[in-house]
Amino acid sequence: MTLSTLTSAVSASTQPADESANQAAYSTLQENTVEAIFQRLSGDSKLPLQWTLQSDSQPHWVETSIENGVIKVRGNAATALAYGAYQLLRSQGYLSVSWEGNRLALPAILPDVAPQRLDSLFTDRAYLNVCAYGYSSPWWDWPRWQQEIDWMALHGVTQPVAMEGQEFIWQQLWREFGLSDTELTQYFSGPAFLPWQRMGNIEAHAGPLPQSYIEKKRQLQRQILTQMQALDMQPVVPAFSGYVPAGLKQLFPQARIKKMKAWSGFARETYWLDPADPLFSKIAKRFIELYQAEYGPQRYFLLDAFNEMLPPVSTANKNAELANYGAALYQTLAQASPGAIWVMQGWMFGSDAHFWDLPAIEAFLSKVPANNMLIHDIGNDRFDVWQKAKGFYGKPWVFGFIHNYGGSNPVYGDFDFYRHKTNIALNHSDKGQLRGFGAFPEGIHSNSLVYDFMFDLAWQAKSTAPTQQASTTDWLAQQLQARYGKLDPAVKAQWLNIYKAVYSTRYWEPRWWEDAAGGALLQKRPKLDYLRYSGAPGNLMLLDQALRDLTQLPASALKAPLLQFDLVDLQRHSATQHIDMLLQHTMLAYSQGQLAQGDKLRAQVKALVLAVDALMGYQAPGTKRETLYSWVADARAYGDTATEKALYEHNAKLQVTRWGGDKLKDYASKAWFGLYAQYYLPRWELFFTAQREALVAKKTFAAKATEAKLIAFDDVWLQQPLAAPQQAPADLKVALTAIQQQILASKAPPSNL
């Protein structure tokens with residue numbers, strides 16, 4: 001019997017006499033599903049794990065021990081079992097699981113470990129951002145999704161955001177309401193931009209969307225939901241929030257369909273149906289009917305009507321209209337699926353705070369029953385909406401952090417900040433119905449340590465208060481032992497400096513500097529305004545010293561593959577900041593008429609960019625590094641025809657560069673092998689050439705003409721095949737040392753202009 005059929009059989013039975021047998025069958029299913037996770041991690045060798053899943057009404061808990069060579073795990077939820085077993089193996093230095101790679105090393109004889117109980121501080125532990133389905137997973141197949149669901153279970157996730165497969169439902173829905181396939185072809189955006197189509201921000205961007213893609217994601221969502229349900233997770237799935245194709249206006253001319261303001265620099269508007277219109281409830285109900293017919297019964301539905309889109313309300317009657325909108329949105333969900341939970345992101349309350357003042361927030365939530373709503377307050381690394389709104393006025397909510405924006409990958413995070421803010425939320429008098437904790441990254445595959453730390457915050461040892469949990473430095477030492485294996489004392493010592501240098505950074509300000517996106521100055525479309533660029537947070541001098549000290553250690557201290565991976569990440573992070581300073585000084589030299597100095601600095605920029613690009617091509621054994629080449633190769637592999645492969649490649653390249661809409665260029669920029677040499681460097685070379693030519697000709701620098709050339713460069717780059725990658729270094733220590741010497745030789749000032 002498959003997981004799907006067993007789950008269905010357990011759910012379908014309603015006979016009281018069968019309840020005990022069904023519960024036992026479901027418990028066995030969950031235990032087997034958790035066992036399978038560790039089987040995949042260990043490969044052929046079977047880990048000595050013994051599972052006991054108990055049924056009780058307590059908050060999630062797990063008790064672990066090692067006795068006579070057997071790892072014993074007892075708890076009251078499948079994800080508690082998975083988290084508990086992983087935490088035990090991590091704490092002993094035996095197992096590390098990350099996006100970069102895994103490490104498993106059990107001793108021949110397992111020493112006994114005394115029983116320890118962990119209790120979850122939260123009912124819900126949520127994960128993923130809707131944007132991650134564009135920035136990270138558009139090209140994922142089932143093995144990659146299975147790996148991610150395994151990761152979720154090991155981190156105790158109970159409430160994943162599950163957005164795949166919905167275009168199949170939208171397609172059915174709009175066909176039923178009279179739209180033709182031709183109209184739908186002109187409506188759907190390309191694969192890498194579907195999240196923003198779903199949120200009503202855009203339509204028809206970088207399309208069309210092939211039918212084969214829709215069908216692949218349909219099949220994938222079936223597998224995803226089946227696996228999540230086998231782990232007793234409660235996935236959050238989509239619902240109708242009001243955004244409709246423009247063609248619906250012609251089919252229903254009397255309907256209150258409103259043109260929304262174009263989003264973030266896009267020229268094309270989207271259309272929103274007023275939830276008070278009778279057509280809204282018909283569409284909403286039919287969407288859920290179609291969704292549940294395809295994917296089975298669901299409880300948690302994501303319904304975000306105004307994500308970075310302002311509600312069309314009058315100034316005079318704003319709050320009353322917002323209250324009516326909230327009530328109508330809830331009623332449409334309730335009539336479509338009685339007992340459903342309306343999940344919404346609290347992001348808009350912070351990002352559009354000029355509109356969403358406290359009376360507006362209170363009004364919007366006021367007519368929704370508390371037991372039928374859950375707010376994912378995702379942005380607590382930037383906003384403190386919940387405190388101002390008194391815990392969302394009685395509505396249940398989940399406290400969390402985004403951390404990653406756009407899939408950009410600077411090395412950063414702030415362990416102590418996350419701990420401090422979580423403890424404030426847990427103990428605040430205005431926390432209201434706080435029921436969950438979550439990590440909501442827009443993109444993944446970087447800074448794994450940050451997410452390990454976040455999800456550990458959701459648990460505590462029995463009789464240990466949150467404020468008495470292990471210190472950050474103790475946690476870090478334990479984590480590195482699991483990640484690297486035997487930990488050289490010198491490596492541990494320098495990691496404490498790395499923690500102070502980069503993992504004490506709350507938010508990565510440079511990625512959205514004065515409305516110009518890009519994770520670093522190198523990654524932004526060049527312009528002279530960047531002479532005022534304020535630089536990156538963190539302690540660069542401390543990071544540089546730590547990297548030099550690490551590189552000077554014997555090769556035997558640096559042989560762990562994941563340590564080598566981290567050294568590459570940290571060095572490119574450091575070097576990129578030095579490149580940024582060189583870029584500023586090159587611009588300044590040419591602007592001040594210093595031709596020779598400008599040429600010298602420009603040469604240093606080029607040499608360092610190329611060296612860092614090659615460094616990022618270094619692949620330690622057993623690790624996985626995302627690159628421009630892997631991103632494009634994955635996109636092309638997802639296509640079944642030459643046309644599809646070309647479309648997907650264009651989507652992949654467009655997203656990490658121009659994106660779409662002038663305000664979003666470089667929003668999803670990456671520190672990736674290939675992008676530095678093939679995209680960022682040529683743009684700055686073009687810019688410096690324009691500066692130099694103006695200087696030699698004794699003319700004023702033509703900023704607009706230069707920007708036009710940069711846009712033309714984009715046009716060509718997006719259409720042409722990728723050039724061959726640079727040769728990656730064979731010896732990591734030699735490559736690291738050479739880059740460190742280049743940085744020292746550049747004599748770029750240690751502070752910004």
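How many salt bridges does a search of the whole structure find? The count is 39, and we'll stop at some of them on this tour. Keep in mind as you click around that this is a predicted model.

**Stop 1: the core**

Start in the nonpolar interior. Select Phe38, Trp174, Phe364 and Trp495: within the largest nonpolar core, which has 252 residues, these four touch the most other members. Now colour helix α22, residues 561-591, which supplies the largest share of this core with 12 residues.

Go back to Phe364 and show what surrounds it. Leaving out neighbours within four places in sequence, Phe364 has contacts that include the aromatic residues Phe306, Tyr325, Trp342, Phe349 and Trp356. Leu322, Leu329, Met344 and Met348 are also in contact with Phe364, and so are Ala323 and Gly326.

**Stop 2: a glutamine in α19**

Next, pick helix α19, residues 472-484, and find Gln479 in it. Is Gln479 buried or exposed? Its relative accessibility is 4%, so Gln479 counts as buried. Turn on side chains here and look for Asp452: its side chain and that of Gln479 are joined by a polar contact of 2.7 Å. If you skip residues up to four places away in sequence, Gln479 touches Arg90 and Leu449 as well as Asp452.

**Stop 3: a three-stranded sheet**

Move to the open sheet whose strands come in the order β10-β12-β11, with antiparallel pairing. Select 243-244 for β10 and 257-259 for β11; these are the edge strands, each pairing on one side only. Then add β12, residues 271-273, which runs antiparallel to β11 and is joined to that strand by 3 bridges. To see one pairing residue by residue, pick Ile257, whose bridge partner in β12 is Leu273.

Stay in this area and show Arg256 and Asp277, whose side chains meet in a salt bridge at 3.7 Å, N to O. Arg256 sits in the loop between α10 (247-251) and β11, while Asp277 is in the loop between β12 and α11 (278-295), so the two are placed 21 residues apart along the chain. Which of the pair is buried? Asp277 is, because its relative accessibility is 7%, whereas Arg256 is partly exposed at 41%.

**Stop 4: Asp384 and Lys421**

Jump to Asp384, in the loop between β15 (373-377) and α15 (385-388), and to Lys421 in helix α17, residues 415-427. Their side chains form a salt bridge with an N to O distance of 2.8 Å, linking distant parts of the chain that lie 37 residues apart. Lys421 is buried, with a relative accessible area of 11%; Asp384 counts as partly exposed at 25%.

**Stop 5: helix to helix, then a network**

Select helices α23 (residues 595-616) and α26 (residues 675-696), home to Asp599 and Arg692. The closest N and O atoms of their salt bridge are 2.8 Å apart, although the residues themselves are 93 residues apart in the chain. Arg692 is partly exposed, with a relative accessible area of 29%, and Asp599 is partly exposed too, at 27%.

For the last view, show Arg525, Arg658, Asp662, Lys665, Glu707, Asp714 and Asp715 together. Salt bridges with shared partners tie these residues into one network.

Notes: Residues numbered from 1 in each chain as written. Predicted model: local features only at pLDDT ≥ 70, side-chain atom pairs only at ≥ 80, totals over all residues. Heavy atoms only, no water. Core = buried A, V, L, I, M, F, W, Y, C linked by side-chain atoms within 4.5 Å. Buried < 20%, exposed > 50% of the residue type's maximum accessible area, 1.4 Å probe, protein only. Helix = DSSP H or I, 4+ residues; strand = E, 2+ residues; numbered from the N terminus. Contact = heavy atoms within 4.5 Å. Polar contact = N/O pair within 3.5 Å; in protein donor to acceptor, adjacent residues only side chain to side chain. Pairing = 2+ DSSP bridges. Salt bridge = Lys/Arg side-chain N within 4 Å of Asp/Glu carboxyl O.
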